[in-house]
Amino acid sequence: MTPDDLSRALFDLVNSIAERRREAGEEVALRLTADQVTLERPKLREHGDWASSIAMRVAKPLGTNPRELAAELAAALGEVEGVASAEVAGPGFINIRLDAAAAGALAKTIVDAGAAYGRSDALAGSVINLEFVSANPTGPLHIGHTRWAALGDSIGRVLRAAGAEVANEYYINDAGSQMDTFGASVLAAAKGEPTPEGGYPGSYIADLAARVLEREPHLLELHDDVALHTAKEIAYELQLAEIRASLDRFNVHFDVWTSERSLHAKDDDGLSAIDTAIERLRAQGHVFDDDGAVWVRTTDFGDDKDRVIRRANGVYTYFAADAAYYLDKGDRGFRHKIYLLGADHHGYVHRLKALAGAAGDDPDRDIEVLIGQLVSINGAKLSKRAGNIIELDDLQAWLGTDALRYTLGRYPADSPLTIDPEILQRRTNDNPVFYVQYAHARTRAVDRNAASVGVDHSTFAPELLDHETESALLGALQEFPRIVAQAAELREPHRVARYIEELAGLYHRWYDNCRVLPLGDEPVGDLHRTRLRLNDATGQVIRNGLDLLGVSAPERM
């Protein structure tokens with residue numbers, strides 16, 4: 001019996017009680033939906049497998065008190081197939097214990113479902129644009145981008161697992177003065193000149209300059225303006241390719257790469273996406289002219305001041321590109337937009353929400369802005385290439401993709417984080433990623449050893465899974481779909497990490513108490529075969545959880 005089966009049974013029992021009272025002439029004001037009948041895991045395992053507070057929720061509309069209703073529901077639940085007992089606790093809680101066969105049946109369900117176990121349609125129908133990283137293509141990705149990359153990709157994974165349609169998007173900030181400064185820095189390096197004032201330092205600029213000269217050997221013979229443009233464009237192409245490669249190695253993939261330049265590009269009528277965006281906002285009634293400039297009245301939507309979208313000299317502000325980009329996302333079918341921004345972008349929250357309102361959207365429904373906090377790593381060295389940052393590539397080479405992704409994924413985005421690399425490099429239980437991956441590798445070792453002595457899946461007798469560690473392990477396995485749905489709803493993939501750590505601990509305790517393999521000359525029996533299914537189910541759930549965090553599940557360690 002799954003939690004959904006049990007919730008449905010409770011839902012049906014409550015409605016049958018309500019119907020009997022209506023037939024008896026009582027006035028019943030109950031309006032109950034199936035998703036309102038929720039279950040919780042009791043804090044103490046001796047209280048049962050599941051607990052429900054539904055009696056306290058619906059007692060008043062049913063014209064009774066919670067404890068009396070709980071007693072009536074508990075008695076009825078005791079007759080439901082798969083329920084071993086149901087008892088009333090406190091003011092109206094119902095503690096429910098499943099029989100071993102009903103609880104154990106989950107092991108086969110998980111093995112049969114495979115990678116699909118844990119997935120749901122909780123967010124089915126949601127079409128979401130998820131933008132993260134979006135670093136300027138003027139240098140390598142650094143430690144901050146590393147955190148946003150890990151979190152953003154994992155948020156996308158849990159959203160998809162909950163049934164949402166998600167596009168990971170990278171906004172390339174390839175327009176504006178920073179690109180000109182970048183080009184000037186590369187050209188100066190190509191000429192052997194010092195970095196221009198305010199330019200980009202670091203040996204990576206010299207590396208780019210050398211590669212630009214390989215691509216365009218006559219660069220220094222070109223007119224200054226042409227040379228600057230050529231150096232900028234080739235270096236931009238090379239640096240963006242490096243960013244893409246770094247993200248690929250970090251197991252982070254984007255569905256869409258949008259160039260800011262495309263928003264400035266003119267169409268056949270001489271209009272850009274930014275020009276069109278301003279007129280669309282004006283049609284919504286939120287654009288006004290003052291002192292020769294064009295403004296958006298963002299204070300109508302909670303912003304601290306109105307924003308200039310085009311200056312009096314005709315030059316567009318960054319806000320203009322933001323507006324065009326926001327509208328473009330909607331035009332591409334994304335009703336809901338999620339932005340994951342760095343710790344220094346708090347000022348963007350009100351601005352983006354106000355922009356959503358000015359575009360005719362609901363700022364509270366159609367846009368989310370998640371702010372990630374800073375991360376530091378003890379002992380990490382500044383990049384030799386970039387000079388003033390800690391590079392993603394260096395971190396990955398030092399600590400490994402799995403350790404980085406898992407550690408960055410197991411904390412909320414809004415939590416400042418300091419990572420201890422000594423712990424991440426240990427092959428001990430105090431290293432969370434090792435602890436979880438080792439549990440998975442152990443399930444695979446059990447599988448291999450079972451095959452060697454003839455333990456297989458030919459029979460399955462779930463009623464035999466009655467050891468206390470089996471009850472605890474099965475109870476945790478039942479929780480996985482709820483954890484994934486909750487992680488998606490709250491945009492908190494760290495819940496998956498903390499869950500599989502707990503699951504790994506329960507598995508290790510089960511492994512120490514319940515043998516899958518026969519001892520000595522003991523014949524292979526149904527208990528061995530059934531426990532093998534529980535072993536495989538646990539490995540599958542750990543594997544599914546690790547995949548949601550972008551982390552591998554090794555076969556051997």
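**Figure 1. The five-stranded parallel sheet of the predicted model.** In this predicted model, five strands are arranged in the order β6-β5-β4-β10-β11 as an open sheet with parallel pairing. The edges are occupied by β6 (256-259) and β11 (367-371), each of which has a single partner strand, so one side of each is left without a neighbour in the sheet. On average, and with direction ignored, neighbouring strands of this sheet are turned by 25° against each other.

**Figure 2. Pairing of β10 with β11.** The strands β10 and β11 run parallel and are joined by five bridges. Within this pair, I338 has E368 of β11 as its bridge partner. Strand β10 spans residues 336-341, and β11 spans residues 367-371.

**Figure 3. Helices α11 and α12 against the parallel sheet.** Helix α11 lies across β4 (127-131), β5 (165-172), β6, β10 and β11, and runs at about 135° to β10. Helix α12 also packs on the sheet, where it touches β10 and β11; the direction of α12 makes about 170° with that of β11. The two helices comprise residues 318-331 for α11 and residues 347-358 for α12.

**Figure 4. The three-stranded antiparallel sheet.** Three strands form an open sheet in the order β7-β8-β9, and their pairing is antiparallel. Strands β7 (287-290) and β9 (307-310) are the edge strands, each pairing on one side only. Neighbouring strands here are turned by 40° against each other on average, direction ignored. Between β8 (residues 293-296) and β9, the antiparallel pairing extends over three bridges. V296 has R307 in β9 as its bridge partner.

**Figure 5. Helices packed on the antiparallel sheet.** Helix α10 (residues 273-283) packs on this sheet and touches β7, β8 and β9, with its direction at about 105° to that of β7. Helix α11 packs on the sheet as well, touching β8 and β9, and the direction of α11 makes about 80° with that of β9. Helix α11 thus appears in this view as well as in the view of the parallel sheet, where it lies across β4, β5, β6, β10 and β11.

**Figure 6. The largest pocket and its lining.** The largest pocket holds about 1,100 Å³ of space. Its lining comprises 43 residues, and S134, A135, N136, H145 and H345 lie nearest the centre of the pocket. At least two lining residues come from each of α5 (143-161), α11 (318-331), β10 (336-341), α12 (347-358) and β12 (375-377). Helix α11 gives the most to this lining, supplying five residues. By residue class, the lining of the largest pocket contains 26 nonpolar, 13 polar and four charged residues.

**Figure 7. The second largest pocket and its lining.** About 930 Å³ of space lies in the second largest pocket. This pocket is lined by 29 residues, of which P3, D4, P481, R482 and A485 are the closest to its centre. Two or more lining residues are given by each of α1 (3-23), α4 (100-113) and α17 (468-490). The most is given by α17, with seven residues. The lining of the second largest pocket divides into 12 nonpolar, eight polar and nine charged residues.

**Figure 8. Helix α8 and the residue N251.** Helix α8 (residues 224-249) contains 26 residues. The distance from the first C-alpha of α8 to its last is 37 Å, close to the 38 Å expected at 1.5 Å a residue. Just after α8, N251 adopts a positive phi of about 65°.

Key: Residues are numbered from 1 along each chain as its sequence is written. This is a predicted model: local features need pLDDT of at least 70, side-chain atom pairs count only at pLDDT 80 or more; totals for chains, interfaces and linings use all residues. Side-chain values use heavy atoms; hydrogens and water are left out. On a 1 Å grid over the protein atoms alone, a cavity is a set of points where a 1.4 Å probe fits but cannot get out, and a pocket is an open set with protein on both sides within 12 Å along at least five of seven lines; lining residues have an atom within 4 Å of a point. Grid points are joined across faces, edges and corners, and a volume is the space filled by probe spheres set on the points. Helices (H or I, at least four residues) and strands (E, at least two) are DSSP runs, numbered from the N terminus. Ala, Val, Leu, Ile, Met, Phe, Trp, Tyr, Cys and Pro count as nonpolar, Asp, Glu, Lys and Arg as charged, and the others, Gly among them, as polar. Two strands pair if DSSP finds at least two bridges between them. Axes are lines fitted to C-alpha atoms, for helices over the stretch in contact, and angles run from 0 to 180 degrees between N-to-C directions. Contact means heavy atoms within 4.5 Å. The expected span of a helix is 1.5 Å times one less than its number of residues.
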